[in-house]
Amino acid sequence: MNTVSKSYDIVVIGAGPGGLPAAIVAARRGAKVLLVEKNGYLGGNLAIGLPLLGYLDKNGIQVTAGFAQELVDTLMDRNACYGHSRCPMHNSVTLYNHEEFKLVAFEKCLETGVEILLNTEVIDADVENGSIRKLTLFGKGYRIEVEAKVFIDATGDGDVGYLAGAHYEKGQKDTGVMQPPTLMFTLGNVNLEKFHEFISKDPEQMILGDTMEVPRDYNPDHIKSTPNHVFVGLRKLFSQLKAKGELPVDRDTFIYINSLIPGEVNVNSTRHLNVDGSNVFDITRAEIEGHFQIPKLTETLRKYVPGFENCYITRIFPTLGVRETRRFAGIKQLTEDKIVVGDIPEDTVALGSYIIDIHDGGGAGTIIKRLEKAYGIPYGCLVSKDIDNLMFSGRCISMDAVVLSSARVMPTCMAIGEAAGVGAAVAVNKGVKPAEVDASDVVKILKENGAILNY
């Protein structure tokens, strides 16, 4: 086996919504940065057909900017993004071309001097006296040992924290069940005009369950009003099909994300129950289940849904979309009681405002609760309580399961990632541990970069 040893200021593991901004903004502040990604492309869930939800709050006020807005602006300059549109259900929807995004991601990393390592995963953490001395990476027969002053775990599942022995929690408070993953896919040759006519004639198809707090103006008129939309509905039809034993998925609604390509939609409707996305055996089962659910669901849509009669599968995305796994202990923790009142403390480094959105990992339903205003994510939620040179970014930061259901959306994760990158760079430049960084220094830099931290 080939063994290589390297040294950096900052090593970011995971190039998804939490890792990509962290690496880029840290490099912009002069740090020598390595960005490690298990896939052969950058972006993680940013590249699997999902929309960007929650740049705006319930009232249409923008709460996420900074690097996350820079990304949208770059895509809009290339006619590869619709920009932000208000949505009664999701606060806002921002659709974009995922293939163009991959190019932008590479360009921004290379422009700032980020060193990229693809097709590589972390396999071991060497911890000494409460610090990570080095991480061992593996890819294509290479064993790569990397040292750094600060490590940022942006794996989503907290793989670095887990290997380093940091404390974590998983699952909903009362049940321990985690939200189910979904395997996204794309359908072509969809007649959306015909589908919109169908839901207009039968608006009950957009009436959702009692556990889903959805405004009345999330209706067929809204869906028809803008191409920048996400459809959630068909509960009436799905209930009828389930009663007849003809529903091939364990869920009560159908979700599609409109595409910038006419006649194409991205579908977010497979469901895999009792899956732990941090367990390789579970995610293998879910990946296989997804590939078998997709053609069955497609055939059901062809048979029963106007506008989908002639649709066909054009793409099955290469990565399972995981909603929830480990949440790690930080020097602070963000809890449900803080977000429901819109608490924004002085050490806030990112805002969140997306709905509380909990998919049932053991059944077909979904819980949706609306937040009246934005909440603040404190710097300490990004700093490991157990490992003094480890930071977290994205959905594995220090928060409870209810907060995760809101903060897991990609714009919020990008805002968290930008804060993690700035915090790590400040720690490196000052020669201190991340926990010793004055949060006000991070806040000041983020504001200079255009981040929104209060409103």
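Gly30, just after helix α1, takes a positive phi of about 95°. The model is predicted, so local features are given only at pLDDT of at least 70 and side-chain atom pairs only at pLDDT 80 or more, while totals for chains, interfaces and linings use all residues. Residues are numbered from 1 along each chain as its sequence is written, and side-chain values use heavy atoms, with hydrogens and water left out. Helices (H or I, at least four residues) and strands (E, at least two) are DSSP runs, numbered from the N terminus.

Helix α1 itself covers residues 20-28 and is mostly covered, 8 of its 9 residues being buried. Here buried means under 20% relative accessible area, exposed means over 50%, and partly exposed lies in between (1.4 Å probe, protein chains only). The buried residues are Leu20, Pro21, Ala22, Ala23, Ile24, Val25, Ala26 and Ala27. They pack against β1, β2 (33-36), α2 (66-77), α3 (98-111), β9 (142-153) and α11 (410-430), a contact being heavy atoms within 4.5 Å. Arg28 is linked with Glu70 and Lys108 in a network of salt bridges, each defined as a side-chain nitrogen of Lys or Arg within 4 Å of a carboxyl oxygen of Asp or Glu.

Helix α8 comprises 25 residues (280-304); at 1.5 Å a residue it should span 36 Å, and its end C-alpha atoms are 35 Å apart, which agrees. The expected span is 1.5 Å times one less than the number of residues. At the N-terminal end, Asn279 caps α8 through a side-chain oxygen 2.8 Å from the backbone nitrogen of Phe281. The buried residues of α8 are Asp282, Ala286, Gly290, Gln293, Ile294, Leu297, Thr298, Thr300 and Leu301. An α-helix has 3.6 residues a turn, so residues three or four places apart point the same way. The cover over the buried residues of α8 includes β11 (185-188), α7 (235-243), β13 (254-258), β14 (265-267) and β15 (312-316).

Helix α7 also takes part in salt bridges, of which a search of the whole structure finds 30. The side chains of Lys236 and Asp202 meet in one of them, at 3.2 Å from N to O. Lys236 lies in α7 and Asp202 in the loop between α5 (192-201) and α6 (220-225), so the pair ties together parts that are 34 residues apart in sequence. Lys236 is partly exposed at 28% relative accessible area, whereas Asp202 is buried at 17%. Arg235 forms a salt bridge with Asp252, the closest N and O atoms being 3.6 Å apart. This pair links Arg235 in α7 to Asp252 in the loop between α7 and β13, 17 residues apart. Asp252 counts as buried at 16% relative accessibility, and Arg235 as partly exposed at 30%.

Towards the end of this account stands the salt bridge between Asp441 and Lys430, with closest N and O atoms 2.7 Å apart. The pair links helix α12 (residues 439-448), which holds Asp441, to helix α11, which holds Lys430, across 11 residues. Asp441 is partly exposed at 25% relative accessibility, and Lys430 is exposed at 54%.

A further link concerns Glu336, in helix α9 (residues 336-340). Glu336 and Val402 are 66 residues apart in sequence but 5.9 Å apart in space, C-alpha to C-alpha. Leaving aside neighbours within four places in sequence, Glu336 is in contact with Asp400, Val402 and Val403. Glu336 is partly exposed, with a relative accessible area of 31%.

Methods: Polar contact = N/O pair within 3.5 Å; in protein donor to acceptor, adjacent residues only side chain to side chain.
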